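Student: Please choose one part of this model and take me through it closely. I should be grateful if each term were explained when it first appears.

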Amino acid sequence: IDLELDTPIMLKPGETRAIYIHSTLDGDEAIVYDNRRSHRTHDDDTLTILSGRAHVASDAPFSSTPIWGWGNAWRDNRSFVGRLSYGSVFKLWNPQTHMSFGVDFQRMVRVLFMLQRNWDSP
């Protein structure tokens with residue numbers, strides 16, 4: 001079952017988000033989590049997904065009572081099971097956007113301009 005968000009989650013480089021998704025579907029069709037095998041459950045050049053917690057409660061989001069009526073509704077060290085689709089939007093540098101980049105990148109651009117060919121030199 002696909003779960004599409006009405007509003008996309010937008011992240012800037014280095015930002016972190018915690019996401020809580022609540023489902024009231026019965027049986028095995030609800031959101032599935034697995035025991036954590038590592039701290040990072042997904043890691044590539046664009047996105048890192050860390051392990052988290054599973055909420056096994058009744059129909060009420062953030063409820064402290066689990067579905068079986070006793071114990072803790074929160075299960076630590078869980079990994080999301082499923083497929084996640086995401087995309088990246090890259091920012092193109094130009095003089096008008098220069099100040100929106102980080103200081104290190106701004107310095108690197110300055111060095112590149114200093115290194116560019118000087119047409120007056122032999």
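Tutor: The answer below follows the strands and their pairing, and then turns to the residues in and around them.

This is a predicted model, in which local features need pLDDT of at least 70 and side-chain atom pairs count only at pLDDT 80 or more, while totals for chains, interfaces and linings use all residues. Residues are numbered from 1 along each chain as its sequence is written, and side-chain values use heavy atoms, with hydrogens and water left out.

Let us begin with the sheet. Three strands make up an open sheet in the order β1-β5-β4, and their pairing is antiparallel. Its edge strands are β1 (33-35) and β4 (52-55), each of which pairs on one side only. From one strand to the next, the twist averages 75 degrees; for such angles, axes are lines fitted to C-alpha atoms (for helices over the stretch in contact), and the angles run from 0 to 180 degrees between N-to-C directions. The names follow DSSP runs numbered from the N terminus: a strand is a run of E of at least two residues, and a helix is a run of H or I of at least four. Two strands are said to pair if DSSP finds at least two bridges between them. As a general point, strands of a sheet pair through backbone hydrogen bonds, either parallel or antiparallel.

Consider now how β1 meets its partner. Three bridges join β1 to the antiparallel strand β5 (residues 74-80). One position shows this in detail: Asn-35 has Arg-78 in β5 as its bridge partner.

A further antiparallel pair is formed by strand β2 (residues 40-43) and strand β3 (residues 48-50), again over three bridges. Between β2 and β3 there is a hairpin of four residues. Within this pair, Ile-49 in β3 stands opposite His-42.

Strand β3 also contains Leu-50. At 42% relative accessibility, Leu-50 counts as partly exposed, because buried means under 20% relative accessible area, exposed means over 50%, and partly exposed lies in between (1.4 Å probe, protein chains only). Leaving aside residues up to four places away in sequence, Leu-50 touches His-39, Arg-40 and Thr-41, where contact means heavy atoms within 4.5 Å. Leu-50 and Asn-77 are 27 residues apart in sequence, yet their C-alpha atoms are 9.8 Å apart in space.

Asn-77 leads us back to the sheet, for this residue lies in strand β5. Asn-77 has a positive phi of about 55 degrees although it is not a glycine, and its relative accessibility of 41% makes it partly exposed. Phe-62, in the loop between β4 and β5, is likewise not a glycine and has a positive phi of about 65 degrees. With a relative accessible area of 54%, Phe-62 is exposed.

We come next to charged side chains. A salt bridge is a side-chain nitrogen of Lys or Arg within 4 Å of a carboxyl oxygen of Asp or Glu, and by this rule the count comes to five. In general, side chains of opposite charge can pair when their charged atoms come close. One of the salt bridges links Asp-76 with Arg-53, their closest N and O atoms being 2.6 Å apart. This pair connects distant parts of the chain, with Asp-76 in strand β5 and Arg-53 in strand β4, 23 residues apart. Asp-76, at 42%, is partly exposed, and Arg-53, at 45%, is partly exposed too.

Another salt bridge brings together Asp-43 and Arg-40 (2.6 Å, N to O). Asp-43 is partly exposed at 42%, as is Arg-40 at 47%. A salt bridge also forms between Asp-34 and Arg-37, with 3.4 Å between the closest N and O atoms. Here Asp-34 is partly exposed at 28%, whereas Arg-37 is exposed at 74%.

Finally, a nonpolar patch on the surface, with about 1,000 Å² of accessible area together, has among its members Ile-21, Tyr-33 and Phe-80. Patches are made of residues with over 30% relative accessible area and no salt bridge, like charges being joined within 9 Å and nonpolar side chains (Val, Leu, Ile, Met, Phe, Trp, Tyr) within 5 Å. The areas come from the Shrake-Rupley method with a 1.4 Å probe, and for residues only the protein chains shown count as cover. Ile-21 is placed in the segment before β1 and is partly exposed at 37% relative accessibility.
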